[in-house]
Amino acid sequence: MSSNLPLVKSGDAEVLSSLRASIDQLGVLRWGGGDVCQWQGVKECLNGRVTKLVVERLNLSGTLDGKSLNQLDQLRVLSFKENSLSGQIPELPGLVNLKSLFLNNNEFSGRIPVSLSLMHHLKVIVLSGNRMSGQIPQAFVSLSRLYVLFVQDNRLTGSIPPFNQTSLRFFNVSANLLSGGIPLTTALLKFNESSFIANVDLCGEQIQRPCDSGPSVSPSYPVVPGGMGTGMGHRKKNKKLILIPVLSIIGFVLLCIIAIIFVSYLRHRGGEEKEGRSKVAARGGVEEGTPSGTADHDNTESKQGGFSWDQGGEGLGSLTFLGPGDQKMNYSLEDLLKASAETLGRGTLGSTYKAVMESGYILTVKRLKDARYPTMEEFRRHIEILGGLRHPNLVPLRAYFQAKEERLLVYDYFPNGSLFSLVHGSRGAGGSKPLHWTSCLKIAEDVATGLLYIHQNPALTHGNLKSTNVLLGSDFESCLTDYGLTPFRNPESHEESSASSLFYRAPECRDLRRPLTQQADVYSYGILLLELLTGKTPFQDFVQEHGSDIPRWVRSVRDAETESGDDPASSNEASEEKITALLNIAMVSLSVAPEARPAIGDVLRMIREARVEAHLSSNASTDHSPGRWSDTIHTLPREEHFTI
């Protein structure tokens, strides 16, 4: 067994019993019995150790026992939210694997533990609705994976640290006693007033409250009553009076010249943009749903310029922001109209753009120009459902705009590209290489986790799962995009963004008039697994082409890579077992009969079982795929619990 694996402790039951004595005065926790993994609130275990502890809304009181908590060193998720716990939050240096911490809506007081800044895996910190004082630790800027920071409704003082993590997506420090200027970092500029309000002494651009510029600067020359000083003052004033009309005339002439050049440029660019779009459509295109660098190898065809769309007859209108609470972003439709736009791709529903604001903030905008148009109310209802979905493995839908014949969707921009570009790079389908099995397992779990979150609503499907619609997050986690848009498909359209899109679809859904189902998503997932294992895009029907010989075909592809010297899967027994496990999951997902396919929850369970076995393998930390994305990123299963 690898020497760097954590030692397995058997005392989590005793630790939890000790913790219970400090917080469960009323005896509501049903903790006891032989298997600690079956105890109330223990949502997940790994090798008998507690990795997810969620004890919420039970009216627990008392103080947290830091000594006990620090012994739960395998925790990934810890939640005591919406109880009545009090006292100071203890320092937690022992929770080295913690990713998500929810202690909101209790009665905690004292300072925020500085030890949280040492937890390099920490992504989610939710401490809102307490009585905490002191400052937000400056060291939090070093949390490179920070995704959520909610500390609103406390009594925090001091200034806001200069957070600038690209991973930061949710942020709220409102209703505290913070002071000073809000840092003008890229990360904080994207949040608007709702993230900062009710801090009386706070100022900054985000809340449209200018900060004091300080005392005025004294003139560099002495002002003497009468004599030379006064004469110099008069002469300078006369020169200014003469310069004003001269500079005004020069400025007017320059503005006219610039306006003429700009109009000529717009006309020229408009013609180029039409030509560029025609080229993309003629190629079979950068595929639908390819924001954030999916088509890096086709960027020579992309064009830049301002947006131009039909805003309807009622005037400019506004963006409708989506998501939990009041986490509205700090931009408007006018800002989008002024943004520079780069066409990323075109699909059956419309075009996708990269929009760069004047502030430097970047968004992805999907224009549903070629979609079927439901009524405005139907569109609103469906998009608000999609906009309410928030999960680490989904690209969040932030806002939408609609006019009579215009629909825009606004997503976060993901600069790390897509799974398609990771697998195939710029070499195309013929030169692609299969990923190392550890990477296959991690990606497979991420995608299945995001898909399960979507499927928790029985009325929702992804509907267009493929490698171009899986984007890579700031921590190279896999995130699904373009989910839930199939109700806007035009069933009369026979246009396909590429041949491969058809072969991701389940056989029963290749007729666009047939409704898409969650079982069809599972079929697409099976095709995606084969793409990961072989490095081949489905330009032909894998199932029809290889039939029951798919496992033999996959192994032959990987063996060919091994013989060429690029060893995507070492030939040891552990590697063979993991590849076999992935193949079995792919094969059952590709069952021709929809009812024979497993639910995505069962698929995720099988993937996680395979990953746990991989983690115990002595080779899990030594096998690498040369020149590819790191195969050791997050070798442990990801947390599923993410609620705000």
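A residue counts as buried when its relative accessible area is under 20%. With that cut-off in hand, let us tour this predicted model in a handful of close-up views.

**Figure 1. Ser 174 sits in a loop and is buried.** The loop in this view runs between strands β12 (170-172) and β13 (177-181), and Ser 174 is part of it. Its relative accessibility is 9%, so Ser 174 counts as buried. What surrounds Ser 174 once we set aside its neighbours within four places in sequence? Look for Gln 152, Asp 153, Ser 194, Ser 195, Phe 196, Ile 197 and Asn 199, each of them in contact with Ser 174.

**Figure 2. The whole protein chain sets the scene.** Zoom out for a moment to the full set of 644 residues, of which 52% count as buried. The protein chain contains 15 helices and 23 strands. Take the contacts with a separation of 6 or more: 60% of them are between residues 24 or more positions apart. The accessible surface adds up to about 28200 Å², and carbon and sulfur atoms hold 54% of that.

**Figure 3. Helix α6 has its buried residues on the same side.** This helix covers residues 376-387, which makes 12 residues. From first C-alpha to last, α6 reaches 16 Å, close to the 16 Å expected at 1.5 Å a residue. Which residues of α6 are buried? They are Phe 379, His 382, Ile 383, Leu 386 and Gly 387. These buried residues span an arc of only 140 degrees around the axis, and therefore lie on the same side of α6. Their cover includes strands β20 (397-403) and β21 (406-412).

**Figure 4. A salt bridge joins Glu 377 and Arg 380 within α6.** Stay with α6 and find Glu 377 and Arg 380, whose closest N and O atoms are 2.2 Å apart in a salt bridge. The two partners are 3 residues apart in the helix, so about one helical turn separates them. Buried, partly exposed or exposed: what is Glu 377? At 36% relative accessibility, Glu 377 counts as partly exposed. Arg 380 is also partly exposed, with a relative accessible area of 26%.

**Figure 5. Arg 608 and Glu 44 meet across a long stretch of sequence.** The chain has 19 salt bridges by the rule used here. In this one, the side chains of Arg 608 and Glu 44 come together at 3.8 Å, N to O. Arg 608 belongs to helix α15 (residues 600-616) and Glu 44 to strand β1 (residues 42-46), so the pair ties together parts 564 residues apart in sequence. Arg 608 has 13% relative accessibility and therefore counts as buried.

**Figure 6. Glu 508 and Arg 597 link two loops.** Here the closest N and O atoms of the salt bridge are 2.9 Å apart. Glu 508 is in the loop between α10 and α11 (518-534), while Arg 597 is in the loop between α14 (573-589) and α15, so the pair ties together parts that are 89 residues apart in sequence. Glu 508, at 18% relative accessibility, counts as buried. Arg 597 counts as buried too, at 6%. Elsewhere, salt bridges that share partners join Glu 44, Lys 52, Glu 445 and Arg 608 into one network.

**Figure 7. A nonpolar patch lies on the surface.** Six names to find here are Ile 250, Leu 254, Leu 255, Ile 257, Ile 258 and Ile 261, which make a nonpolar surface patch of about 600 Å². Pick out Ile 257, found in helix α4 (residues 227-282). At 44% relative accessibility, Ile 257 counts as partly exposed.

**Figure 8. Ser 501 is buried in helix α10.** The helix shown takes in residues 499-504, with Ser 501 among them. How buried or exposed is Ser 501? Its relative accessibility is 4%, so Ser 501 counts as buried. Now find Ser 467, which is 34 residues away along the chain; its C-alpha atom and that of Ser 501 are separated by 9.8 Å.

**Figure 9. Glu 82 and Ala 198 have positive phi values.** Most residues other than glycine have a negative phi. Glu 82 has a phi near 60 degrees, a positive value, and lies in the loop between β4 (77-79) and β5 (84-88). At 33% relative accessibility, Glu 82 counts as partly exposed. Ala 198 also has a positive phi, near 60 degrees. Its loop runs between α3 (186-189) and β14 (201-203), and at 53% relative accessibility Ala 198 counts as exposed.

Key:
Residues numbered from 1 in each chain as written. Predicted model: local features only at pLDDT ≥ 70, side-chain atom pairs only at ≥ 80, totals over all residues. Heavy atoms only, no water. Helix = DSSP H or I, 4+ residues; strand = E, 2+ residues; numbered from the N terminus. Expected span 1.5 Å × (residues − 1). Buried < 20%, exposed > 50% of the residue type's maximum accessible area, 1.4 Å probe, protein only. Arc of directions from axis to C-beta. Contact = heavy atoms within 4.5 Å. Patch = residues over 30% accessible without salt bridge, like charges linked within 9 Å, V, L, I, M, F, W, Y side chains within 5 Å. Areas by Shrake-Rupley, 256 points an atom, 1.4 Å probe, with all protein chains shown as cover. Salt bridge = Lys/Arg side-chain N within 4 Å of Asp/Glu carboxyl O.
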